[in-house]
Amino acid sequence: MSVSLGEWLNDESPTSRSQARFSSIYHGWIEFKANRLALLGLIILIVLVLVAAFAPLLSPHDPFEQNLANRLAPLGTDGHVFGTDSLGRDILSRLIYGSRITLYIVGLVALIAPVAGLFIGTVAGYIGGWVDIVLMRFTDIFLAFPRLVLALAFVAALGAGIENAVLAIALTAWPPYARIARAETLSIRRSDYISAVKLQGAGALRIITRHIWPLCIASLVVRITLDMAGIILAAAGLGFLGLGARPPSPEWGAMIAEGRRFILDFWWVATIPGIAIFIVSLAFNLLGDGLRDLLDPKSGGAS
Amino acid sequence: MSDVQGIDIADLNVWFGQGPERVDAVQSVSFTVDKGASVGLVGESGSGKSTILRAITGLAGSWSGSMMVGGEKLGRKRSKAFYNKVQMVFQDPYASLHPRHSVDQVLSETLSLHGLKDIDRRIIKLLDDVGLGTAFRFRYPHQLSGGQRQRVAIARALASEPSILLLDEPTSALDVSVQAEILNLLSDLRDERGLTYLMVSHNLAVVGHLCESVLVMQNGQIVELLSIEDLRAQQASHPYTQQLLKSSLGFVRDVPRQT
């Protein structure tokens, strides 16, 4: 039996679980590839990850090296493609190193907040009764505070630093996810397929994690990607107030905050990191849209 | 005395909500289904047919009365052993399968929940039994037709090798030609495995095909028990049943048909 890889992947009736899995990943990839914008988003993010990984090789200068004689150099200055900031540091190098911090913040928040929200929302929605009331009022309390103010309070209590900033942002970001997850859960918990698995003797934990979570993830992914820009900016805001990334650190938001002082005379100091944030959030949005199409059970897979 | 291995329901009341919002869906219903028998439950929409099935499986709201099913007296909670003996097929195959689980996932999860070994072999056998074949094993529900979905749902219900199958209008969401296939499948499966059926339907022809006797329900109560012969002969004593039988004949015109 000699079958080519293409035939093996395109087989209408796979013979094993692994073949079925590879085949559905392959078809998902083909479908995803057809969405040019989502592919663009994915490429931008892959580039960002590579830049962050190889930052020391890619950056022309030390991001912390100051040169006050050459401060606020304009774009295209010899040796400084994106110019220099108020302390004469190379903006391009700072951007490249800053991508590490951005990825770190976004990655950790995206890992903590949606998972916590998903867990609280689905448990509240599925179990209902007083569990629902307690968890949702708890969520309401978090929702009632302005996000940045609450994050400020957390950082003030936990101490300044990028880890605590991440934790504070995650703690303020989960309530919308809990709301979405609960709404999704309420709409599916009475459905026949949930009843059917109950009739097989499945417990609440299995139903929530195996049957409800997969259906909530599509809408959460969309929400996460929409939140990414806000998360980067919230981290920047905390840095600006001296509660997130500390001054020498090349965090993009802190760079904008620093350049804010000379925005009229030396616009690029704030604009270049702003464009970087814009491109990365756009990439997240495009990717999120593509993923949503892919995760949607009604359109997913080849038909 | 009824056979204890079948279904014996006495004075069952089922209600939803409390206080002024309370709705009594089923009121003092008693009936028995002997082991190996096949009984239909007919009546109009909202007469409480499906609620009885849901009460038996523990999915319905509050109930009182006594239920003996498969030799087990039912309490508030259903045991794992109960779900081994009693399974249900739902009305709408488009709603009863998880949209993101493949046929293989549905069946293997069911089998492992029942603590059965040798899952691969059993899945192939189950698919074969319901006439699907292994080609459908890794398909997702959106890649299946309504009839194929209902076959998967039947396979899932049969996975734990139950002795009692509760059928909640298993064919009403399907088109007519597929209905016949599913009914034949159900009737073959019953012959092979000696299953006990309790089937809800509003379609008398479907009940007539699969059942030996029929319980007629109206407004949450059982008004009559008919044998299938009486049903065919249109011999009903209760006025509601007579009306139901008359309407099942379809729209009768007095004008002779033109050709």
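This is a short group-meeting talk on a predicted model with chains A and B.

Okay, hi everyone. Keep in mind throughout that we're looking at a prediction. I'll start where the two chains meet, then go into the helices of chain A, and finish with chain B.

So, the interface. On one side there are 21 residues of chain A, and they are in contact with 26 residues of chain B. Which elements of chain A give two or more residues to that side? Those are α2, residues 17-34, α9, residues 192-198, and α10, residues 204-240. The largest share comes from α9(A), with five residues. If you sort the chain A side by class, you get nine nonpolar, eight polar and four charged residues.

Now hold on to α10(A), since it turns up again inside chain A. Its partner there is α5(A), residues 91-127, and the two axes are 7 Å apart at an angle of about 140 degrees. Why do I call that pair oblique rather than roughly antiparallel? Because the antiparallel label is for angles over 145 degrees, α5(A) counts as oblique to α10(A). The crossing itself is right-handed.

Have a look at who is touching whom. From α5(A), the list includes A:T102, A:I105, A:V106, A:P114 and A:Y126, and across from them in α10(A) you'll find, among others, A:I207, A:W213, A:C216 and A:M228. By class that contact has 21 nonpolar residues, two polar ones and no charged ones.

α5(A) has another partner, α12(A), residues 268-295. Here the axes come within 11 Å and cross at roughly 40 degrees, and this crossing is right-handed as well. On the α5(A) side we have A:I91, A:L95, A:G98 and A:T102, meeting A:V269, A:I272, A:P273, A:A276 and A:V280 of α12(A). Those residues divide into seven nonpolar, two polar and no charged. A:T102, by the way, is in the contact with α10(A) and in the one with α12(A).

One quick stop before we leave chain A: A:G6, which sits in α1(A), residues 5-10. Is A:G6 buried or exposed? It's exposed, as there are 9 other C-beta atoms within 10 Å. And if you pick A:G6 and A:L72, which are 66 residues apart along the chain, their C-alpha atoms are separated by 56 Å.

On to chain B, which has nine helices and ten strands. Its radius of gyration is 19 Å, while the globule rule gives 18 Å for 259 residues, so chain B is as compact as a globular protein of that length. The C-alpha trace spans about 55 × 55 × 40 Å along its principal axes. Buried residues account for 44% of the chain. And of the contacts between residues at least 6 apart in sequence, 66% join residues at least 24 apart.

Last thing, for anyone who likes Ramachandran plots. Most residues other than glycine have a negative phi. B:E161, not a glycine, has a positive phi of about 50 degrees. B:E161 is in the loop between α5(B), residues 146-158, and β7(B), residues 164-168, and with 14 C-beta neighbours inside 10 Å it counts as partly exposed. Then there's B:E169, with a positive phi of about 45 degrees, in the loop between β7(B) and α6(B), residues 176-193. B:E169 has 21 other C-beta atoms within 10 Å, so it is buried.

That's my tour, thanks.

How values were computed: Residues numbered from 1 in each chain as written. Chains lettered and ligands numbered in written order. Predicted model: local features only at pLDDT ≥ 70, side-chain atom pairs only at ≥ 80, totals over all residues. Contact = placed C-beta atoms within 7 Å. Helix = DSSP H or I, 4+ residues; strand = E, 2+ residues; numbered from the N terminus. Nonpolar A, V, L, I, M, F, W, Y, C, P; charged D, E, K, R; others polar. Rg over C-alpha atoms; globule rule 2.2 N^0.38 Å. Buried ≥ 20, exposed ≤ 12 C-beta atoms within 10 Å, placed from the backbone. Axes fitted to C-alpha atoms, helices over the stretch in contact; angles between N-to-C directions. Parallel < 35°, antiparallel > 145°, perpendicular 65-115°, else oblique. Left-handed = near helix turned anticlockwise from the far one by under 90°.
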